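User: I am new to this structure and would like to know how its descriptive terms are justified. Please go through them one at a time.

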Amino acid sequence: MISTKKLHPIYTAESGSSYGGSRVSGIKTLIYVVYKSIRTVVFSNKLNLLLPFGPAAILVQELTDQSAWVFFLSLVGIAPLAERLGYATEQLAFYTEPTVGGLLNATFGNATELIISIFALKSGLIRIVQLSLLGSILSNLLLVLGCAFFCGGLVLQKEQLFNKVTAVVNSGLLLMAVMGLLLPSVLHYTHTEVYFGKSELDLSRFSSCIMLVTYAAYLLFQLKSQSDLYVSLNEIWL
């Protein structure tokens, strides 16, 4: 009978060596994946050459009083970040359903305005927040929608058809957003509020809560009953 006591240390050493090798191989693979991802995100677009303008804006703000240069450098530096955010959202859409991917793309497309609004509110720059919201609304309604209609006409070369239910829902949301911005402004400029300064603020906060709840309901509506309106990115590229 062959004793297994002599073979046991050899087996343990081999298994330990195998485990250590696989662990080192896994770490190397992880490092390679991280390096490849960083290289793809940072160096795959020539627009990323503008990234140093962001730190340059911080330096100019700390060392000088040139507010105009700070604004210009910040504007240039945030452009590649906004583009990379859209790129990351599109990559995430490859691994989700078409509906979820489309909603993620539409939601995170406004992340730039949200970040600017948060920092502006912390600094008390209410006018900047108002103009940022107005610019976002006008750019989406006029520039983005107009480009979508124009490019769709060039590609399809025929009359474009849209889902009636979705068009009605989007129009209703747009009307609600306009009313949410308009009513507090009417109170402010006509001075017809019951409690001066308080009624306007209460109405503005109430409108914002209503719009948040409505947007959540809209997401649920899109995910549940209108999930066939979006096309997978894989189908588009194929």
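User: Which helices each supply at least two residues of the lining of the second largest pocket?

Analyst: In this predicted model, helix 2, helix 3 and helix 5 (111–122) each do so. Helix 3 gives the largest share of that lining, nine residues. The pocket itself has a volume of about 960 Å³. Its lining counts 21 residues, and those closest to the centre are Ser74, Leu75, Ile78, Ile116 and Phe119.

User: What classes of residue make up the lining of the second largest pocket?

Analyst: There are 15 nonpolar and six polar residues, and no charged ones. Asp, Glu, Lys and Arg are the residues that count as charged, so the lining contains none of these four kinds.

User: Why are helix 2 and helix 3 called roughly antiparallel?

Analyst: The axes of helix 2 (residues 53–63) and helix 3 (residues 67–93) cross at roughly 165° and come within 7 Å. Angles over 145 degrees count as roughly antiparallel, and the two helices are therefore described that way. Their crossing is left-handed.

User: Which residues meet where helix 2 passes helix 3?

Analyst: From helix 2 they are Phe53, Gly54, Ala56, Ala57, Val60 and Gln61, and from helix 3 they are Trp69, Val70, Leu73, Ser74, Val76 and Gly77. Eight residues of this contact are nonpolar, four are polar and none is charged. Gly counts as polar, so Gly54 and Gly77 belong to the polar group.

User: What makes helix 5 roughly antiparallel to helix 6?

Analyst: Helix 5 packs against helix 6 (residues 126–156) at an angle of about 165°, and the axes lie 8 Å apart. With the cut-off at over 145 degrees, helix 5 is therefore roughly antiparallel to helix 6. Glu113, Ser117, Ala120 and Leu121 of helix 5 touch Ile126, Ile128, Val129, Ser132 and Ser136 of helix 6. That contact has five nonpolar residues, three polar and one charged. Glu counts as charged, so the charged residue is Glu113.

User: How do you know that helix 7 is roughly antiparallel to helix 8?

Analyst: Between helix 7 (residues 164–190) and helix 8 (residues 198–225) the angle is about 170°, with axes 9 Å apart. This angle falls in the range over 145 degrees, so helix 7 is roughly antiparallel to helix 8. Among the residues in contact are Leu173, Gly180 and His188 of helix 7, and Glu200, Ile210 and Tyr218 of helix 8. By class the contact divides into 13 nonpolar, seven polar and one charged.

Conventions
Residues are numbered from 1 along each chain as its sequence is written. This is a predicted model: local features need pLDDT of at least 70, side-chain atom pairs count only at pLDDT 80 or more; totals for chains, interfaces and linings use all residues. Side-chain values use heavy atoms; hydrogens and water are left out. Axes are lines fitted to C-alpha atoms, for helices over the stretch in contact, and angles run from 0 to 180 degrees between N-to-C directions. Helices (H or I, at least four residues) and strands (E, at least two) are DSSP runs, numbered from the N terminus. Angles under 35 degrees count as roughly parallel, over 145 as roughly antiparallel, 65 to 115 as roughly perpendicular and the rest as oblique. A crossing is left-handed if the near helix is turned anticlockwise from the far one by less than a right angle, and right-handed if clockwise. Contact means heavy atoms within 4.5 Å. On a 1 Å grid over the protein atoms alone, a cavity is a set of points where a 1.4 Å probe fits but cannot get out, and a pocket is an open set with protein on both sides within 12 Å along at least five of seven lines; lining residues have an atom within 4 Å of a point. Grid points are joined across faces, edges and corners, and a volume is the space filled by probe spheres set on the points.
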